[in-house]
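User: I would like a close look at a single helix in this model and at the parts around it. Please keep it to what the coordinates show.

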Amino acid sequence: MKLPLAYLGLGVALTLGACIHRSDDARSPEVPALPLQTPLQAGQAPIVALGNTIHVGADVAPQADALPQAALHGDARVFHGSVQDGVGAAELIAYLEADSTLPQSGEEEYGMPPDTIIEAPLLRFRADPPTVYVADGTPPALVDETVRAVQAINAALPQDWQLGFSHDPATADNIGSPEGKILVRFALQIEWPRGIGSPTGKDVGVALPTYRAVPTGDPEAPVRFEIVAGRVFVDHTQTKGLERLGVIAHELIHLLGRNHVDAARFPETIMVDGGSEELTEHILHLLDREALLTVYGRLEPGTVPGDFATELGGWADTSLHVRGAIDIEDGEISFGAALRNGLSQPWATGPSPDTALEDNNALSGSVSWSGRLLGLTPGAETVGGAAALSVDLATLAGTADFTALEQWAADAAPGALGTGTMWHDGDLSYGIEVRGNTFVQTGGDAGTVTGAFFGPAHEGMGGVLERDDLSAGFGGKR
Ligand SMILES: [Zn+2]
């Protein structure tokens, strides 16, 4: 993207340029089948198929041998401890500086001396999170991909900065006043707005931000710019699979303020021109996730690069983890939560089933699974409890109940069952519905439950519970 001179505090408005994502990559693997996500599931945690396993939640699970065992909770071995798994302040600051710096771009265009480095305040969306709309008529498979991209982005953002997703497609009525909204449209490049995209027709995505000037009170740079709305165009015929998921996320993250950085210096981010060579089923890389958390969870709007180090002060590169593991026939279910820099992220992983739950002919009537929950509060207290899932196969509806919830002191390893103190009133209850091999919450206590069935014949289940005051993974056996 081209930044307007006004954005640099020079007081001249120029046309705001588009940012183009190009693709020459023909090696996109297909994403394995999971139930199609609709806008109704946009608030759920991501569910990712990783070959023989299904992963629920953020990509934060520690290595199996990274933590010491702390306790045994029923069938679950419980592990607790810290792992150095973040990018660290130095690398994050280098990335944000590269994002905020326009290397030599002023030379010809703005008549600046060679090697001029211009530093601009970190660009971001306005104070409240946008709502994403897909264009009317978007096919379900592309709505699914847009929802998945939003789920991946939301898994990296603080609870109070989750992107919304309109249950209805965009219409003249609901998008007529575009502020606070992001419109995503899938269209051939020749159908994009005039003048956008390269004449070769090889562009696959573009983000078109709408900016607003915000007074700063600083006479040297009287205004800064923030993004208040935006449009995304993706030529879905020129990309597919994981790459297309990455393109959608890349363009959405542009509208959240991030620019391109040099692919040689920062290979593990999707925010490089032309798209990252490194594709991940989790869509976002670690650096992408930490940058989102920094901008929307830590830095004040308008922070200039010179202040990054001060404002990031105690930015940690280690996470506190709690992890549970339950053996099932032919594999292991593991689950837990990771807390780093104030963001507690839950996860659960297990072997993929062979069929959808409703196609498992060995099961009938009401089916139950029981196991354990383990999570972390924002204050680093471990919470543990019993987890029970029940599904009526006739209706594919059921309940997820978490009982005997107890907590242990901040940063302390959890002890044996019954050695903690009661967490809140000790239990949480949710209604759920089954979608293929996954389940999502339909009601109940505050919070969001997202899960999957594990094992060839659904011998296990697991998932995540996300609340303001608790992020927890859970798992159990039939
Ligand atoms: Zn781009």
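How many residues does α5 have, and how far does it reach from its first C-alpha to its last?

Analyst: The model is predicted, and the values below are computed from it. Helix α5 has 15 residues and reaches 22 Å from its first C-alpha to its last, where 1.5 Å a residue gives an expected 21 Å. Most of α5 is covered, with 13 of its 15 residues buried. Just after the helix, Gly257 has a positive phi of about 110°.

What lies around it can be followed from residue to residue, starting with strand β12. Val232 is found in β12. Val232 is classed as buried because 27 other C-beta atoms lie within 10 Å, against a cut-off of 20 or more. Leaving aside neighbours within four places in sequence, the contacts of Val232 include Glu251, Leu252 and Leu255, and also Ile182, Val184, Gly205 and Ala207. The C-alpha atoms of Val232 and His254 are 9.4 Å apart, with the two positions 22 residues apart in sequence.

Strand β12 covers residues 223–234 and is itself mostly covered, 9 of its 12 residues being buried. It has two pairings to describe. With strand β10 (residues 181–186), β12 pairs in the parallel sense over 5 bridges; there Val184 stands opposite Val232. With strand β11 (residues 203–215), β12 pairs in the antiparallel sense over 11 bridges, and Val214 stands opposite Arg224. In a regular strand the side chains alternate between the two faces of the sheet.

The next step is the nonpolar core. The largest one has 113 residues, and those that touch the most other members are Ala149, Ile153, Ala249, Leu252 and Ala472. The largest share of this core, 8 residues, comes from α3. The core is not confined to one domain: at least three residues come from each of domain 1 (5–26 + 88–312) and domain 2 (45–86 + 317–477). Leu252 thus appears twice in this account, as a contact of Val232 and among the core residues that touch the most other members.

Ile153 gives a second route back to the same region. Apart from its neighbours within four places in sequence, Ile153 is in contact with Leu163, Ala249, Leu252, Ile253, Leu284 and Leu292. Leu252 is therefore a shared partner, since Val232 and Ile153 both have it within the 7 Å C-beta cut-off that defines a contact.

Leu292 leads on to helix α6. Leu292 is one of the buried residues of α6, among them also Leu287, Asp288, Arg289, Glu290 and Tyr296. In total, 10 of the 12 residues of α6 are buried. The cover over these buried residues includes α5 (241–255), together with α1 (89–100), α3 (140–156), α7 (308–312) and β15 (343–351). The length of α6 can be checked in the way used for α5: the 12 residues at positions 286–297 should span 16 Å at 1.5 Å a residue, and the end C-alpha atoms are 16 Å apart, so the two values agree.

Strand β15, part of the cover over α6, also belongs to an open sheet of 7 strands. The order is β2-β3-β15-β14-β13-β5-β4, and the pairing is antiparallel. β2 (47–50) and β4 (69–73) are the edge strands, each pairing on one side only. From one strand to the next the twist averages 20°. At the β2 edge, β2 and β3 (residues 53–57) pair in the antiparallel sense over 4 bridges, with Ala49 opposite Ile54.

Beyond β15, Gly365 sits in the loop between β15 and β16 (366–376). Gly365 is exposed, because just 8 other C-beta atoms lie within 10 Å and the limit for that class is 12 or fewer. Its C-alpha lies 6.7 Å from that of Ala394, 29 residues away along the chain.

Two further backbone entries can be set beside Gly257. Most residues other than glycine have a negative phi, and most peptide bonds are trans. Ala404 has a positive phi of about 50° although it is not a glycine; Ala404 is found in strand β18 (residues 397–407) and counts as partly exposed, with 15 C-beta neighbours inside 10 Å. His458, also not a glycine, has a positive phi of about 60°. His458 lies in the loop between β22 (448–454) and β23 (460–467), and with 23 other C-beta atoms within 10 Å it is buried.

Terms used: Residues are numbered from 1 along each chain as its sequence is written. This is a predicted model: local features need pLDDT of at least 70, side-chain atom pairs count only at pLDDT 80 or more; totals for chains, interfaces and linings use all residues. Helices (H or I, at least four residues) and strands (E, at least two) are DSSP runs, numbered from the N terminus. The expected span of a helix is 1.5 Å times one less than its number of residues. Two residues are in contact if their C-beta atoms, placed from the backbone, lie within 7 Å. Two strands pair if DSSP finds at least two bridges between them. A nonpolar core is a set of buried Ala, Val, Leu, Ile, Met, Phe, Trp, Tyr and Cys residues joined through C-beta atoms within 7 Å. Domain bounds come from an automatic or database domain assignment. Axes are lines fitted to C-alpha atoms, for helices over the stretch in contact, and angles run from 0 to 180 degrees between N-to-C directions.
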